[in-house]
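Colleague: I would like to read one predicted model slowly instead of skimming it. Please take one part of it and explain it from the inside outwards.

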Amino acid sequence: MIVDLPDLAAMDAFGARIAAKLQPGDVVALSGGLGAGKTTLARAVIAALGHEGEVPSPTFTIVETYDHLRVPLVHADFYRLEDPSEAEEIGLDDYREGAALLAEWPDHAGGFSHETTCLEITLETVGENGGEGRRAVVNAGEAWQSRKP
């Protein structure tokens, strides 16, 4: 499935649709180049789940948790991992217990596409000079088939 995201309002709406379908145990794997909008989409999902206030990028902390949301959530940015085994070393499985996972740069953690609860989203810039427009290429795991955003 392809979702056109021509502006920030469309990105926010897409994040809200994902949040509405999100369940504990789900993984939303966000891929795309630098500046493609992974963190922007993650922030839209987190806001739609009920978080008010700033959402820091987990680029340096690697993991940020949001236990107070409608669905407890782990927002992770695996960009800085040098080997997938490091995800285990930081206790990713413990963080995921009873929570959904928003994973930026999922390939750096070994990927999650093998999980039936994974919603893979690859964000691409469209338009000239990497403008505001984006496109989301969405692949839904088995658990998402009946509840695609």
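What pLDDT (the predictor's confidence in each residue, from 0 to 100) does the protein chain average, and what percentage of its residues score at least 70? After that, please look closely at the largest nonpolar core: which residues have the most contacts inside it, and which elements each supply at least two of its residues?

Modeller: The average pLDDT of the protein chain is 89, and 97% of its residues reach at least 70. The model is a predicted one, so local features are described only at pLDDT of at least 70 and side-chain atom pairs count only at 80 or more, while totals for chains, interfaces and linings use all residues. Residue numbers start from 1 along each chain as its sequence is written, and side-chain values rest on heavy atoms, without hydrogens and water.

The elements come next. Helices (H or I, at least four residues) and strands (E, at least two) are DSSP runs, numbered from the N terminus. Among the elements of the protein chain, strand β2 has the highest mean pLDDT, 96, and helix α3, residues 85–89, has the lowest, 87.

Now the core itself. A nonpolar core is a set of buried Ala, Val, Leu, Ile, Met, Phe, Trp, Tyr and Cys residues joined through side-chain atoms within 4.5 Å. Buried means under 20% relative accessible area, exposed means over 50%, and partly exposed lies in between (1.4 Å probe, protein chains only). The largest core holds 29 residues, and those with the most contacts inside it are F14, I18, L73 and I121. At least two residues of this core come from each of β1 (2–5), α1, β2, α2, β5, β6 and β7 (134–140). Helix α1 gives the largest share, five residues.

F14 is a good place to start. Contact means heavy atoms within 4.5 Å. Leaving out residues up to four places away in sequence, F14 touches V3, L5, L41, I121, A136, V138 and P149. One of these partners, I121, is also among the residues with the most contacts inside the core.

Another partner of F14 is L41, which is one of the buried residues of α2. The others in α2 are K38, T39, A42, A44, V45 and I46. An α-helix has 3.6 residues a turn, so residues three or four places apart point the same way. What covers the buried residues of α2 includes α1, β2 (27–31), β3 (63–66), β4 (73–77), β5 (100–104) and β6 (118–125). After α2 comes G50, with a positive phi near 115°.

Further along is I62, in the loop between α2 and β3. Its phi is also positive, near 75°, in a residue other than glycine. Most residues other than glycine have a negative phi. I62 counts as buried because its relative accessibility is 13%. W105, in the loop between β5 and β6, also has a positive phi without being glycine, near 55°. At 15% relative accessibility, W105 counts as buried.

I62 leads on to A76, a residue of strand β4. A76 is buried because its relative accessibility is 0%. Apart from neighbours within four places in sequence, A76 is in contact with P58, I62, V63, L101, L102, A103 and E104. The C-alpha atoms of A76 and T122 are separated by 16 Å, with their positions 46 residues apart along the chain.

What lies apart from the largest core? Another core, of 16 residues, does, and V74, A87, A99 and L101 are among its members. L101 is one of the contacts of A76. R96, in helix α4 (residues 92–96), touches both V74 and L101, and also G25, V27, F112 and E115, not counting residues up to four places away in sequence. R96 counts as buried because its relative accessibility is 15%.

A87, another member of this second core, is touched by A109. A109 sits in the loop between β5 and β6 and counts as buried because its relative accessibility is 12%. Not counting residues up to four places away in sequence, A109 touches F78, L81, P84 and A87. A109 and R80 are 29 residues apart in sequence and 9.8 Å apart in space, C-alpha to C-alpha.

The last residue to mention is S85, in helix α3. S85 is partly exposed because its relative accessible area is 36%. From S85 to G110 the distance is 8.0 Å, C-alpha to C-alpha, and the two are 25 residues apart in sequence.
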